[in-house]
Amino acid sequence: MTDSAPSTPDLASTAFVGAGAPSTTATLTSDPQAAYENERVQSVLQSDVGVEVLLKRLKLSIGSGKEFSSFLKKRAAAEEDNATALKRLIRSTQEAIRKSDGRHDSFSSRLEEAMRIHEQVADHSSKFAVMVSEMHDSLTDLCKETDRTRKMLKEKGLKEEKNVVDAEQTAVKMQGRYNTLAEEFDRVRTGDPTKRSLNKFKNNKTGPQYEEELYRKVMTAEAEYKQRVQNAQSMLRDLLNVQRPDTVRQLRNTLETFDAGMTLLLQRYSNLCEALYLSKGLAVSPMKVDEFGARSMSEIANEVDNDSDFVKFILHEGSGKTLRRKEVEFKQHKAVTGGSFAAVTAVTPVTTRPKAVASTPNAIKGAGVVGTSTAAASAMASSLRQQQTAAMKPKASPAVPAQQKFIPSTAATAATPPSGADSQYKTSSMLLPDDSPGAATPSTPTSAPVAANSPYVSIPIPPVPNGNSSRAVENPAAIDSSKTSESALLATPQFGRMFGVPLEVLMEAERVQVNVENVDAPAFVIKCIEAVDKFGLDKEGIYSIQGSSQEIEHIQSMFENQNPLFVDISDPAAYHNDVYAIGTSLKLYFKALPDSLCTDIAYDKFFEASKIADDNLRRDNMHYLVNELPDANYTTLRYLILHLSRVQDNFRANKMTIRNLANEWGTLLMGGEAKDAEAHAVVIGTILTNCYSIFAS
């Protein structure tokens, strides 16, 4: 079937349909009211204010014409921009369709047909823009010409009106002079002493002489006054009979011509709009003249046959290729076929735990904490690998090595428990053989005593070697508070039953204890956040001001020496009302995690996403990366970020904006080095800004 262009109306042929110029002459009817109103209009136009009224009306019309002209210019530009953008999109789409990395079947061919329809739509828009632009030029010229005519008629009409007014004022002045001289002449002639004389100095003239002089002046003033009046009357008759009607007529003609032209252009624009949208509609869905006529876009889309395309593609790709490879067969070497070997030595499985190879802190980013020595970080990495190997290794024998020891906890405050209570500690503690790195010596304290009826389960933690570590493991309660500063606490957080434990291990242990399907975050995190929500949202500098070192040690000791599920910090008296210590302890917890909350695996991806300049694209990338986090990390991050959002909501009181919070928490949650703190802040700031869309579920 051959493609045929849809039959669409031409814009030029439909632009002037029904566009007639309005009549420029008023229609007189036999209606008495209309005749009366027409007489009133004429009386106003021929009055002293007629010219001013017409000038004002013409000025308003010109103003409306300029506004309409401006609209036409912008409308033409908008339609041209739309057509240009659509054509550019069509070209790029057609190039993409022809590339080899897309489908080349019924879908691509129908899509190309749709692009051709879009080309027709773009062509109609371009023609419309050209015609509207021509209308703008015509209206602009009309406005300029009418404005020049108005200024000329204004100058002429107002000058004629002013000449008559000036002549009348001159006649009035001459009347005053004439009356004054006549009164003086009457006083001198009658000798009336009650009348004031206007001539105080008669220059030694006698009465008859002065009277004669006054008489001549009166006669002269009377003649001049009469002449001025006659001149004013003559000018007024010319104004009323010739000049004013001519000015009014010219102003009315100019006004009616302009209004008619502007109305005609409006009608033409309306017809152009109708033709444009009709043309676009017929391009998308042409009228059916016969069965061989042009197809609409919906008909083109309905012709896509995915099933047939799929069958053709599979058969094409499979043609000429080996559909099933040859099965592998065993072929014994000729050197062995003679029976040179009488037996094959059996390989016994290795039942001992493979010895872990220590790695540097750079190899496992975030496995240690800032401030931990190289040897300590290596030992932690080795212990974690041993735990993972032991969990994944198939058991060759159910026997347990003779000597087993618990991983020591830095929160331990008691000696090794008596043998009778040993069963309390074997439930979930991770056992290591004697020869494994990080195994405790018999004299090393193992863990705090746990009551027999306590639901708390000992949690496996990474061991901290005693010999190579630059930081000895101490009991938080026994630290000399006078020698410990807040910065030192942030640099060397204390490890124990809770601090430094992998996040998923701690949350799984707490989930088992409370017997629920899942938990949102570790109990310590939840309790600290609840305390800050309750007492610290209005505290200035929360999370940026460090709390008292004594209170921080006290809070750590409470959670390390007890089951975190049962620790109660809802009363601020438990930490002497130092909510800053709660915030610092929460930051210490995340700093002590073996793996950062955003995970070391995803660190490079987050770091690259922070470089994206476009806010929306950077948000979408962060959203994807957050969704890829492990469940424990995702739920904990969600719980923390939503809390930080509540902190930011109160920034007028606590001065903690999104930027300040991102600077405080960026490296803590991301890991990495301090030199990349700006990138870390961008990551956390983006997540915090868009938290309700990223964590919408």
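Q: Of the contacts between residues at least 6 apart in sequence, what share joins residues at least 24 apart?
A: In this predicted model, the share is 82%.

Q: How many helices and strands are there in the protein?
A: There are 21 helices and two strands.

Q: And what percentage of the 697 residues is buried?
A: Buried residues make up 39% of them.

Q: Let's do aromatics. How many aromatic pairs does the count come to?
A: The count is 15 aromatic pairs. One of them is Tyr178 with Tyr225, with ring centres 5.8 Å apart and planes at 15°.

Q: Why is that pair stacked?
A: The planes of Tyr178 and Tyr225 meet at 15°, and planes under 30 degrees apart count as stacked.

Q: Where do the two tyrosines sit?
A: Tyr178 is in helix 4, residues 106-190. Tyr225 is in helix 5, residues 207-284. They are 47 residues apart, so the pair links distant parts of the chain.

Q: Tyr178: buried or exposed?
A: Tyr178 is buried, with a relative accessible area of 17%. The cut-off for buried is under 20%.

Q: What about Phe499 and Tyr589, what kind of aromatic pair do they form?
A: An edge-to-face one. The rings of Phe499 and Tyr589 are 5.9 Å centre to centre, with 75° between the planes.

Q: Which parts does that pair tie together?
A: Phe499 lies in the loop between helix 10 (486-491) and helix 11 (503-514). Tyr589 is in helix 14, residues 579-591. The parts they tie together are 90 residues apart in sequence.

Q: Are Phe499 and Tyr589 buried or exposed?
A: Phe499 and Tyr589 are both buried.

Q: Which residues do ring pairs link into a cluster?
A: The cluster holds Phe499, Phe524, Tyr543, Phe559, Tyr589, Phe590 and Trp665.

Q: Switching to helix packing. At what angle do helix 12 and helix 17 pack?
A: At about 10°, with the axes 11 Å apart. Helix 12 covers residues 523-535. That angle makes helix 12 roughly parallel to helix 17.

Q: Which residues make the contact?
A: Helix 12 supplies Ile526, Ile529, Glu530, Val532 and Asp533. Helix 17 supplies Tyr639, Leu640, His643 and Arg646.

Q: Staying on helix 17, what is Ser645 in contact with, leaving aside neighbours within four places in sequence?
A: Ser645, which is found in helix 17, is in contact with Leu688, Cys691 and Tyr692. Ser645 counts as buried, at 5% relative accessibility.

Q: Leu688 is in helix 20, so which residues of helix 20 are buried?
A: Leu688 is one of them. The others are Ala679, His680, Ala681, Val683, Ile684, Gly685, Thr686 and Ile687.

Q: What covers the buried residues of helix 20?
A: The cover includes helix 15 (603-609), helix 16 (615-627) and helix 17 (631-649). It also includes helix 19 (658-670) and helix 21 (691-694).

Q: How many residues does helix 20 have, and what is its reach?
A: Helix 20 runs over residues 677-689 and has 13 residues. It reaches 18 Å from its first C-alpha to its last, close to the 18 Å expected at 1.5 Å a residue.

Q: And helix 7, how far apart are its end C-alpha atoms?
A: They are 18 Å apart. Helix 7 is residues 306-318, and its 13 residues should span 18 Å, which agrees.

Q: Which residue with positive phi follows helix 7?
A: Gly320 does, with phi near 80°.

Q: Cysteines next. How many disulfides does a search of the whole structure find?
A: Zero. As for burial, Cys528 counts as buried at 0% relative accessibility. Cys691 counts as buried at 1%.

Q: Back to helix 4. What is Ser108 in contact with, leaving aside neighbours within four places in sequence?
A: Ser108 is found in helix 4 and is in contact with Ile97 and Arg103. Ser108 counts as buried, at 9% relative accessibility.

Q: What separates the C-alpha atoms of Ser108 and Arg98?
A: The separation is 8.4 Å, with the two residues ten apart along the chain.

Q: Last one: Ala275 and Phe128, how far apart are their C-alpha atoms?
A: They are separated by 8.9 Å, and the residues are 147 apart along the chain. Ala275 lies in helix 5 and counts as buried at 2% relative accessibility.

Terms used
Residues are numbered from 1 along each chain as its sequence is written. This is a predicted model: local features need pLDDT of at least 70, side-chain atom pairs count only at pLDDT 80 or more; totals for chains, interfaces and linings use all residues. Side-chain values use heavy atoms; hydrogens and water are left out. Helices (H or I, at least four residues) and strands (E, at least two) are DSSP runs, numbered from the N terminus. The expected span of a helix is 1.5 Å times one less than its number of residues. Buried means under 20% relative accessible area, exposed over 50%, partly exposed in between (1.4 Å probe, protein chains only). Contact means heavy atoms within 4.5 Å. A disulfide is a pair of cysteine sulfur atoms within 2.5 Å. Rings of Phe, Tyr and Trp (its six-membered ring) pair if their centres lie within 6.5 Å; planes under 30 degrees apart count as stacked, over 60 as edge-to-face and the rest as tilted. Axes are lines fitted to C-alpha atoms, for helices over the stretch in contact, and angles run from 0 to 180 degrees between N-to-C directions. Angles under 35 degrees count as roughly parallel, over 145 as roughly antiparallel, 65 to 115 as roughly perpendicular and the rest as oblique.
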